[in-house]
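Thanks, everyone. I'll keep this short. Please have a look at the chain on the screen.

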Amino acid sequence: MVVRVPMAMAAAVLLVVAAVVVVVEVAAAATYTVGAPAGLWDMQTDYADWVKSKTFHPGDSITFTYSPELHDVVEVIKAGYDACSSANNISAFRSGNDVVTLTAVGTRYFLCGLTGHCGNGMKIRVDVVAAKASSAPASSSASRAAAAGFAIMTTVAASLLLLQPAAVVVS
Ligand SMILES: [Cu+2]
């Protein structure tokens, strides 16, 4: 008796790989909890240090998590950020779990409006940059992920084909 890899199984494996590729592409829009994992929206976190390890793209979002009795979030322009002033603010949030979508390329400024908190470092500058590098428009992270997924799919298909001649013979 000859045992072969059923075509249905091969098709199922390809479908799973294709689904993984789709998930990777959707995951390109990231959500960041401000200050996490070491901190949150508080008076201890060094936000200049926190943003250093991240690259924000349009479509990403940031979440400010804090106790509303202790802090708030005010979006300001650069002058307000530099002076720690929430006068003439763009918007204000105080739910304790405020999600801000970074819709476009540019710099966003946020601070805590409670007296003295911004002066103690509770302010953050977020630079939002284009997802595609201007020098290499074809190599966005999404297209790289798709290319990697295609490579995996091709490898899986090839190994399934190789399994066919090596079908196990059971007496
Ligand atoms: Cu505060």
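I'll go through confidence, overall layout, the two sheets, and then a few single residues.

Start with confidence. This is a predicted model. Mean pLDDT for the chain is 78. Of its residues, 61% reach 70 or more. Two stretches deserve caution. Residues 13–17 stay under 50 in pLDDT. The model still gives that stretch nine contacts beyond four places in sequence. Then there are residues 154–163, where pLDDT is also below 50. That stretch has eight contacts beyond near neighbours in sequence. How should we treat such regions? Where pLDDT is low, the predicted coordinates should not be read in detail. I'll leave both stretches there.

Now the layout. How many helices and strands does the chain have? Four helices and nine strands. Along the sequence, the pattern reads β-α-β-α-β-β-α-β-β-β-β-α-β. The chain has 171 residues, and buried ones make up 16% of them. Next, contact range. Take the contacts between residues at least 6 apart in sequence. Of those, 72% join residues at least 24 apart.

On to the first sheet. It is open, and it has four strands. The order is 5-4-7-8, with antiparallel pairing. Which strands sit at the edges? Strand 5 and strand 8, the latter covering 123–128. Each of those two pairs on one side only. Ignoring direction, neighbouring strands here are turned by 25° against each other on average.

Look at strand 4, residues 73–76. Three bridges join strand 4 to strand 5, residues 91–93, and the two run antiparallel. Strand 4 also pairs with strand 7, residues 106–111. That pairing is antiparallel too, again over three bridges. One residue shows both pairings. Val74 has Ala92 as its bridge partner in strand 5. In strand 7, the bridge partner of Val74 is Leu111. If you want one residue to click on in this sheet, take Val74, with Ala92 as one partner and Leu111 as another.

Second sheet. This one is also open, with three strands in the order 2-3-6. The pairing is mixed. Strand 2, at 31–33, and strand 6, at 97–101, stand at the edges. Each has a single partner strand, so one side of each is left without a neighbour in the sheet. The twist averages 20° from one strand to the next.

How do strands 2 and 3 run, parallel or antiparallel? Parallel: three bridges join strand 2 to strand 3, residues 61–65. Within that pair, Thr31 stands opposite Ser61 of strand 3.

Ser61 comes up again from the other edge of the sheet. Go to Val100, in strand 6. Leaving aside neighbours within four places in sequence, Val100 is in contact with Ser61 and Ile62. Compare sequence and space for Val100 and Asp60. They are 40 residues apart in sequence, yet 8.8 Å apart in space, C-alpha to C-alpha. Is Val100 buried or partly exposed? Val100 has 18 C-beta neighbours inside 10 Å, so this residue counts as partly exposed. The cut-off for buried is 20.

Last, some backbone details. First, a cis peptide bond. The bond runs from Ala36 to Pro37, with omega near 5°. Pro37 lies in the loop between strand 2 and helix 2, which spans 47–52.

Then two positive phi angles. Where are they? One is at Cys84, in the loop between helix 3, residues 78–83, and strand 5. Phi of Cys84 is near 55°, and this residue is not a glycine. The other is at Asn88, in the loop between helix 3 and strand 5. Phi of Asn88 is near 55° as well, in another residue other than glycine.

Their surroundings are worth setting side by side. Cys84 has 19 C-beta neighbours inside 10 Å, so Cys84 counts as partly exposed. Asn88 has 9 C-beta neighbours inside 10 Å, so Asn88 counts as exposed.

To recap. One open sheet runs 5-4-7-8 and is antiparallel. Another runs 2-3-6 and is mixed. The cis bond leads into Pro37. Positive phi values sit at Cys84 and Asn88. And keep residues 13–17 and 154–163 marked for pLDDT below 50. That's it from me.

Terms used
Residues numbered from 1 in each chain as written. Predicted model: local features only at pLDDT ≥ 70, side-chain atom pairs only at ≥ 80, totals over all residues. Pairing = 2+ DSSP bridges. pLDDT = per-residue confidence, 0-100. Contact = placed C-beta atoms within 7 Å. Buried ≥ 20, exposed ≤ 12 C-beta atoms within 10 Å, placed from the backbone. Axes fitted to C-alpha atoms, helices over the stretch in contact; angles between N-to-C directions.
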